[in-house]
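I opened the notebook to look at one protein model with a ligand in it. These entries record what I looked up, in the order I took it.

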Amino acid sequence: MGELRVRMIDLHRMTQAHADSIFIRACTGLATERPPVWFMRQAGRSLPEYRAIRGTGTILRAIADPDLATKITLQPVQRYGTDAAILYSDIMTPVHAIGFGVDIAPGIGPVVEHPFRSRADLQRLRPLDAEADTPYVVETVRNLVSELSVPLIAFAGAPFTVASYLLEGKPSRTYVKTKALMHTDEALWFDLMDSLADLAIDSLRSQISNGAAAAQLFDSWAGALSPSDYEKFVLPSSTKVMAAVAELGVPRIHFGVNTAELLGLMASAGAEVVGVDWRTPLDAARTRVPESVGLQGNLDPALPAAGWGPTEPAVRDVLARGKGNPGGRGGHIFNLGHGVLPETNPEVLERVIELIHSTTP
Ligand code: CP3
């Protein structure tokens, strides 16, 4: 029933070319002749052509240059022939754009000058007016939609993962400040989650209304939580984002790392597809989500970085375990279990694509 609903929405709202693409078909649970494939972080430091045009400013500066961001997004599609493109931006772009005081430090990741500490800091999280606050993202999306022959994936950071940066002030292993807030001031925690859900919604709505054909919510660090904490403190806000995106009629992917115990809960937020990291075999993941939910993943990104030798058997294993349910529902989108590592030789990923393209059902 859910499956049917998504199909109908697709046909009404999406250009026919995108609705018919192998990527969108797999997202909506339709049978495909082979799994579609794209790679998280496919645009970026592993590509020599990226390093050649990237320049020296911070990544936020590159994102703010639509011509550059457009070229960077297109590079992996041109080199690999991936079945989807993902916008070159960052999960911190919206909070940066509304002036929260976020920067991205080379080699470190997102850093926040004045981390979120108290109720007064909620005022620093006003809604995003995408056209006014991130006109460069809007322009990049429009450029891409007119140039791409494959669907563009919109994305946003999930409230929990973005909150973890705002609270910790930098990447963290323990999430002590984040967990302290959720367990000591629930009211403030939920207000923060709600503001960040609205930011994600505003950002995704703008990307989709300008032509992106699918949406991925990155809750990269959700795996730091127990299932009960995830369910109580995180699931409601991510569900709110997913519900808002459902109204826009594009398929939704819900991704996190280290989420073996959370996959069922993440599926319950409403996505058509759940991303799986390499720690959970796809056939095991299948048993943890409803039949109609598709899976995305899950080659260990360290393997392509190690060379084709270790990669080839692992790709075959992912393909075998990713095959749909006997009933044919719940598709598979081939991806890595997390992003491409910068030290990866792109030629290995070219061979991964070749192997998947030669797959027969
Ligand atoms: O090759 C590259 O990684 C180059 C560019 C780059 C991005 N973000 C692009 C990006 C860099 C250096 C960053 C900084 C950044 N932002 C880091 C440090 C990464 C590092 O290795 O130095 C981190 C951890 C962030 C925060 C962030 N951004 C997260 C948690 C995510 C979600 C995906 C994930 O890796 O878990 C992003 C999204 C992101 N950053 C994308 C891009 C192009 C979009 C998603 C994608 O391409 O798959």
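Entry 1, a term. I call a pair of N or O atoms a polar contact if the two lie within 3.5 Å. I also note that the model is predicted.

Entry 2, contacts of the ligand. I looked up the backbone of R45 and found one of its polar atoms 2.7 Å from an oxygen atom of the ligand. That pair is a polar contact because 2.7 Å is within the 3.5 Å limit. For R41 I found a polar side-chain atom 2.6 Å from a ligand oxygen. H338 also has a polar side-chain atom at 2.6 Å from an oxygen atom of the ligand. How much of the ligand's area does the protein bury? The ligand taken alone exposes 840 Å², and the protein buries 87% of that.

Entry 3, the surroundings of the ligand. I counted 20 residues around the ligand, and R41, R45, D90, S220 and H338 come nearest. The shell divides into 12 nonpolar, 5 polar and 3 charged residues. I then looked up the pockets and found that the ligand takes up the space of the largest one.

Entry 4, back to R41. I placed R41 in the loop between α3 (22-27) and α4 (48-54). Its phi is near 60°, a positive value in a residue other than glycine. I wrote the general rule beside this: most residues other than glycine have a negative phi.

Entry 5, the open sheet. In what order do the 7 strands of the open sheet lie? I read the order as β1-β4-β5-β6-β7-β8-β9, with parallel pairing. At the edges I found β1 (85-86) and β9 (332-336), each of which pairs on one side only. Inside this order I checked β6 (residues 252-255) and β7 (residues 273-275), which run parallel and are joined by 2 bridges. H254 stands opposite V274 in β7.

Entry 6, a peptide bond. Strand β8 (residues 294-299) contains N298. I looked at the peptide bond from G297 to N298 and found it cis, with omega near -5°. The general rule is that most peptide bonds are trans.

Entry 7, a hairpin. I looked up β2 (residues 102-105) and β3 (residues 109-112), which pair in the antiparallel sense over 4 bridges. D103 stands opposite V111 in β3. The two strands, β2 and β3, form a hairpin with 3 residues between them. In the turn I found G107, with a positive phi of about 80°.

Technical notes:
Residues are numbered from 1 along each chain as its sequence is written. This is a predicted model: local features need pLDDT of at least 70, side-chain atom pairs count only at pLDDT 80 or more; totals for chains, interfaces and linings use all residues. Side-chain values use heavy atoms; hydrogens and water are left out. A residue is near a molecule or strand if one of its heavy atoms lies within 4 Å of it. A polar contact is a pair of N or O atoms within 3.5 Å; within protein, one must be able to donate a hydrogen and the other to accept it, and residues adjacent in sequence count only if both atoms are side-chain atoms. Accessible areas come from the Shrake-Rupley method with a 1.4 Å probe; for residues, only the protein chains shown count as cover. On a 1 Å grid over the protein atoms alone, a cavity is a set of points where a 1.4 Å probe fits but cannot get out, and a pocket is an open set with protein on both sides within 12 Å along at least five of seven lines; lining residues have an atom within 4 Å of a point. A molecule sits in a cavity or pocket if more than half of its atoms lie within 2 Å of its grid points. Ala, Val, Leu, Ile, Met, Phe, Trp, Tyr, Cys and Pro count as nonpolar, Asp, Glu, Lys and Arg as charged, and the others, Gly among them, as polar. Two strands pair if DSSP finds at least two bridges between them.
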